[in-house]
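Here are my notes on the model, written as numbered points for someone meeting a structure of this kind early in their studies. Please keep the sequence and the 3D view open while reading.

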Amino acid sequence: MAKRRKVNNLLALSLLTLLTQRPMYPYEMASMLRERGKDNAIKVNWGSFYTVVQNLEKYGFIEAVEVVREGRQPERTTYQITDAGRAELMDWIRELLSVPEREHSSFEAALGESAVVPPDELIGLLQQRLEALEKANGRLQAELAALVTQLPRLFLIESEYYLAQRRAEEEWIRGLLKEFTSGTFPGLDDWRRFHATGEVPDYIQELAEQERGRVAET
């Protein structure tokens, strides 16, 4: 089970890593994150960027080492990582790399509710998604092939992982579509009949009654 972190925003993880290189001020940190494409690997809310920096300082993971003002410009604070920050970074990294965590996606959520869509419409939607995935995965594969000649592979493994996930999704959708179009997906005719007539199959009604019974007992 994942530990409760004083600062649990993944942006903090990248900021701590940046500061192991040298002290920086927040604008410089943000610029480097964008330049390195870190906002592709983690969901960054740039509006809360300074709040994350402040929280890291609040809990002693970073500290201010210099505050300067140039002309009428706002003060610029340079931060460095503390010993506590290094310890937190290493502990957090080790946990994230070694402990599988349940991660949710909007696609998974939509699949869980996909029965509300007629099966033939779902087929079309999944075919549309598959085409988009094939194009995006092809582009990413080409980009990685180019980058591997410019950067050590160590700096590309997060992109390799992302591509592997997307390739797996592509193959899974392709297999599901094959079941739909060949008619081998279980209950497909009942699903079509429900959307055409509103008739709920007996086995679905039984499942619904069992669920109501369980809810009533709690």
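1. I begin with a single residue, Val 148, which counts as partly exposed because its relative accessibility is 45%, a value that falls between the limit of under 20% for buried and over 50% for exposed. In the chain, Val 148 belongs to the loop between α7 and α8. If you look from Val 148 to Arg 174, which is 26 residues away along the chain, the C-alpha atoms of the two are separated by 29 Å. Please keep in mind throughout that this is a predicted model.

2. Turning to the overall fold, the chain contains 10 helices and 2 strands, and their order along the sequence is α-α-α-α-β-β-α-α-α-α-α-α. The chain is more spread out than a compact globule, because its radius of gyration is 25 Å, well over the 17 Å that the globule rule gives for 218 residues. Taken along the principal axes, the box filled by the C-alpha atoms is roughly 75 × 50 × 40 Å. Of the 218 residues in the chain, 28% are buried.

3. The aromatic residues deserve a careful look, since a search of the whole structure finds 5 aromatic pairs. One of these pairs is formed by Phe 49 and Tyr 50, whose rings meet edge-to-face, with 5.5 Å from centre to centre and 80 degrees between the planes. Is each partner buried or exposed? Phe 49 counts as buried because its relative accessibility is 2%, which is under the 20% limit, whereas Tyr 50 is partly exposed, with a relative accessible area of 45%.

4. The same region can be followed a little further, for Phe 49 and Tyr 50 form one aromatic cluster together with Trp 46. Trp 46 also has a charged residue over its face, namely Arg 34, which lies at 3.9 Å from the ring centre. A further arrangement of this kind involves Phe 107, where Arg 129 lies over the face of the ring, at 3.7 Å from its centre.

5. Next come the empty spaces, beginning with the second largest pocket, which has a volume of about 430 Å³. This pocket is lined by 18 residues, and the closest to its centre are Ser 114, Ala 115, Val 116, Trp 191 and Ile 204. Which helices each supply at least two residues of this lining? They are α7 (119–147), α8 (157–182), α9 (188–197) and α10 (202–217), and the largest share, 3 residues, comes from α9. By class, the lining of the second largest pocket divides into 15 nonpolar, 2 polar and 1 charged.

6. Finally, please consider the enclosed space, where the structure holds 1 cavity of 30 Å³ or more. The largest cavity contains about 40 Å³ of space, and the residues that line it are Ala 2, Glu 95, Leu 96, Val 99 and Glu 101. The lining of the largest cavity has 3 nonpolar and 2 charged residues, with no polar ones. When you inspect this lining in the 3D view, it may help to find Ala 2 and then Glu 95, both of which are among the lining residues.

Key: Residues are numbered from 1 along each chain as its sequence is written. This is a predicted model: local features need pLDDT of at least 70, side-chain atom pairs count only at pLDDT 80 or more; totals for chains, interfaces and linings use all residues. Side-chain values use heavy atoms; hydrogens and water are left out. On a 1 Å grid over the protein atoms alone, a cavity is a set of points where a 1.4 Å probe fits but cannot get out, and a pocket is an open set with protein on both sides within 12 Å along at least five of seven lines; lining residues have an atom within 4 Å of a point. Grid points are joined across faces, edges and corners, and a volume is the space filled by probe spheres set on the points. Helices (H or I, at least four residues) and strands (E, at least two) are DSSP runs, numbered from the N terminus. Ala, Val, Leu, Ile, Met, Phe, Trp, Tyr, Cys and Pro count as nonpolar, Asp, Glu, Lys and Arg as charged, and the others, Gly among them, as polar. Rings of Phe, Tyr and Trp (its six-membered ring) pair if their centres lie within 6.5 Å; planes under 30 degrees apart count as stacked, over 60 as edge-to-face and the rest as tilted. Buried means under 20% relative accessible area, exposed over 50%, partly exposed in between (1.4 Å probe, protein chains only). A charge sits over a ring if NZ of Lys or CZ of Arg is within 6 Å of the ring centre and within 35 degrees of the ring normal. The radius of gyration is taken over C-alpha atoms; the globule rule is 2.2 Å times the number of residues to the power 0.38.
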